[in-house]
Amino acid sequence: MTTLDDLMKLPGAMAAFEFRGSGEMLEHRIAHADRINESTLDLLAHMCAANLSIATMQARGWEKVTGMVGFYPVQQFTLIGFDWSVVVSGLQREQYKQAGKFSLPPFMGVVLANESADYEAAFAVLERKEPVQ
Amino acid sequence: MSIVTDLLAKPGVVAAGEYAYRGDRFSYRGALSENHARMASIMCRATTMSVNMEASMVEALQPLSGLLPARGWLVHGPEYTVCVVANVFCLLENSKGSINDLVGFMRHALANIPSDMI
């Protein structure tokens, strides 16, 4: 399973975190505490949980209304800030749901400096498929 | 050329458009009906307003954190990605285009757009 340390190896990684669907932050790593501190990361986790839920609702509604498929389930939500971006995903939870598991892994997120951000690499790490335990 | 025309010429972009922050108009080009483009612009505008509110909250908590002003957001689905920077949106077919290239282009092209959302 993808770990916070895997995410911290991404180009420009400033922080990585795990959080519940409610937004509560669990584990985290911070590389630049002068830019991102624990309180900010906690607020980011809550923001990202809300944004993922809204994006999922919109993707579901969009597919039903338009007949265009390929938006749902949302794999990642990314907020692009002025200097940095945050990418979050709950995709690994889908694998557990499909395997009939009730205990799901947390959501994961990574903060990337915009100058060196590789969004596709971040998506690939967050989408990595591992055997369901 | 407008940025919407430029975006539509990028590999994998199936539709692109612009919306007014105040919500009274939008324009688009690409493979969407007028009604669906209106719905897309409304959803994109709502999310943009929301992430800007969130960035302001982070800024209040940690001044000069580097999040504000928020530049945009992405929703990455299994086949399509919604890319929004400032008041411009586009739909990208993942297998035919590069998200990194598209975000880089949009951030560069829209770097001087005022962030006061008027």
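Ala16(A) has Arg29(A) as its bridge partner in β2(A). In this predicted model, that pair belongs to the contact between strand β1 of chain A, residues 13-19, and β2(A), where four bridges join two antiparallel strands.

These two strands are part of a wider sheet. It is open, has 10 strands and takes the order β2(A)-β1(A)-β5(A)-β4(A)-β3(A)-β3(B)-β4(B)-β5(B)-β1(B)-β2(B), with antiparallel pairing. Its edges are formed by β2 of chain A, residues 25-30, and β2 of chain B, residues 26-30, each of which pairs on one side only. On average, neighbouring strands of the sheet are turned by 15 degrees against each other, direction ignored.

Helix α2 of chain B, residues 34-61, packs on this sheet. In chain B the helix touches β1 (13-19), β2, β3 (72-76), β4 (80-85) and β5 (88-93), and in chain A it touches β3 (76-80). The direction of α2(B) makes about 65 degrees with that of β1(B).

The sheet passes from one chain to the other where β3(A) stands beside β3(B) in the strand order. Five bridges pair β3(A) with β3(B) in the antiparallel sense. Within this stretch, Leu79(A) lies opposite Trp73(B) of β3(B).

The contact between the chains as a whole involves 32 residues of chain A and 31 residues of chain B. On the side of chain B that touches chain A, at least two residues come from each of α2, β3, β4 and α3 (99-109). The most is given by α2(B), with 10 residues. By residue type, this side of chain B divides into 19 nonpolar, nine polar and three charged residues. Helix α2(B) thus appears in two settings: it packs on the sheet, and it gives the most to the side of chain B that touches chain A.

Chain B taken alone contains three helices and five strands. Read from the N terminus, its elements follow the order α-β-β-α-β-β-β-α. Chain B is as compact as a globular protein of its length, because its radius of gyration of 14 Å is close to the 13 Å that the globule rule gives for 118 residues. Along the principal axes, the C-alpha atoms of chain B fill a box of roughly 40 × 30 × 30 Å. Of the 118 residues in chain B, 42% are buried. Among contacts in chain B between residues at least 6 apart in sequence, 38% join residues at least 24 apart.

Key:
Residues are numbered from 1 along each chain as its sequence is written. Chains are lettered from A and ligands numbered from 1 in the order in which they are written. This is a predicted model: local features need pLDDT of at least 70, side-chain atom pairs count only at pLDDT 80 or more; totals for chains, interfaces and linings use all residues. Two strands pair if DSSP finds at least two bridges between them. Axes are lines fitted to C-alpha atoms, for helices over the stretch in contact, and angles run from 0 to 180 degrees between N-to-C directions. Two residues are in contact if their C-beta atoms, placed from the backbone, lie within 7 Å. Ala, Val, Leu, Ile, Met, Phe, Trp, Tyr, Cys and Pro count as nonpolar, Asp, Glu, Lys and Arg as charged, and the others, Gly among them, as polar. The radius of gyration is taken over C-alpha atoms; the globule rule is 2.2 Å times the number of residues to the power 0.38. A residue is buried if 20 or more other C-beta atoms lie within 10 Å of its own, exposed if 12 or fewer, and partly exposed in between; C-beta atoms are placed from the backbone.
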